[in-house]
Amino acid sequence: MGDRRARVCQVLVVTLVLNLCVMALKGFVGLLTGSLSLQADALHSVTDSANNVLGLISNSFASPEPDREHPYGHQKFEALGALGIAAFLGIACFEVIQRIVERLVDGASPVQVTGWELWILLGVLGINIFVAFYERHIGQKLDSPILIADARHTMSDVWISIAVIGGLVGIWQGNRLGMSALLWLDVLLAVPVAILVFRSGWGVLRENLPWLVDEIAIAPEAIDAIAMQVPGVINCHDIASRGVLGRQVFVEMHMVVAARDVETAHEITERVEALLEERFGPIRVSIHVEPPAYKSDHIGFGESAH
């Protein structure tokens, strides 16, 4: 696991350097051309670097190994980092909407764009696309939510950059051909960008909130069905689970077993834990053994009797 965290840290450092380069180039070309939208896009790129720094900080606390202060591990720190990125996505969405309104109210600004400046922006766009796919590939390989969430944010920056570049191309052609209608092209392209940014932020929230609100990870009926396959298990009830399936799940359950001694009961519970680990691992299971005469028909909390 230490190697995984080191690899995540390495990816974040690489993308931080690239994002700083992107921010500097956008700001330089924005000041050179007088493009307010490009300057705003450069400011938006600041959030990419901030996300990398946030990822480095949260990754240093994201060890799943338990300790005295955190007996359930530290993976919620990583989820908190991902939610921080979702907040940055919300800010980016607000920036896009604000930019649209300003353009509609104030009209198009006088911008002077040349071909070589557009080529620089295309190069910057290529860097952004590389960062997004690089982070997503490594994030999926390492199963790192912080990298996957940051890749989503970078992709939102890619779409924003495409919209800005498209608008600048329209302005460039509009100035050359005297077509004032093309000056509004960047505003029209910014509308779907705002929608894409919002969708990205919502996706990050949907994937990481279960960690923080202890949402059910596995249906209690599924756990009950597996446990009842083990010889000696008479009844399972009060089954609860939390975490994220495929990353880390915690299960608590009560069980009635056909055993007259502690050793036999322990062997039965060990077989149940092994089956659950095989099916849903990584998983930590806590089983409370009830006396044979105990009866309960409630599989999980809030469930009907069976």
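This passage describes a three-stranded sheet, the helices that lie against it, and two nonpolar cores in a predicted model.

The sheet is open, and its 3 strands follow one another in the order β1-β2-β3, with pairing that is mixed. Strands of a sheet pair through backbone hydrogen bonds, and such pairs may be either parallel or antiparallel. Because β1 (233–244) and β3 (283–290) each have a single partner strand, they stand at the edges, and one side of each is left without a neighbour in the sheet. When direction is ignored, neighbouring strands are turned against each other by 15 degrees on average.

The pairing of β1 can be followed residue by residue. Strand β1 runs antiparallel to β2 (residues 248–257), and 9 bridges join the two. Within this pair, Ala-240 stands opposite Glu-252 in β2, while Val-244 stands opposite Gln-248 in β2. The two strands form a hairpin with 3 residues between them, and in the turn Gly-246 has a positive phi of about 95 degrees.

Two helices are associated with these strands. Helix α7 (residues 220–227) lies across β1 and β2, and runs at about 135 degrees to β1. Helix α8 (residues 262–280) packs on the sheet, where it touches β1, β2 and β3, and its direction makes about 150 degrees with that of β3. Although β1 is an edge strand, 9 of its 12 residues are buried, where buried means under 20% relative accessible area, and β1 is therefore largely enclosed by the rest of the structure.

The nonpolar residues were examined next. The largest nonpolar core holds 33 residues, of which Leu-121, Leu-147, Leu-168 and Val-197 touch the most other members. At least two residues of this core are supplied by each of the helices α1 (2–33), α3 (75–106), α4 (115–142), α5 (145–177) and α6 (185–213). Helix α5 gives the most to this core, with 10 residues. The surroundings of one core member, Val-197, can be described in detail: if neighbours within four places in sequence are left aside, Val-197 is in contact with Leu-89, Ala-92, Cys-93, Ser-156 and Ile-160. Apart from the largest core lies another, of 23 residues, and among them are Ala-227, Cys-236, Ile-239 and Ile-287.

Conventions:
Residues are numbered from 1 along each chain as its sequence is written. This is a predicted model: local features need pLDDT of at least 70, side-chain atom pairs count only at pLDDT 80 or more; totals for chains, interfaces and linings use all residues. Side-chain values use heavy atoms; hydrogens and water are left out. Two strands pair if DSSP finds at least two bridges between them. Helices (H or I, at least four residues) and strands (E, at least two) are DSSP runs, numbered from the N terminus. Axes are lines fitted to C-alpha atoms, for helices over the stretch in contact, and angles run from 0 to 180 degrees between N-to-C directions. Contact means heavy atoms within 4.5 Å. Buried means under 20% relative accessible area, exposed over 50%, partly exposed in between (1.4 Å probe, protein chains only). A nonpolar core is a set of buried Ala, Val, Leu, Ile, Met, Phe, Trp, Tyr and Cys residues joined through side-chain atoms within 4.5 Å.
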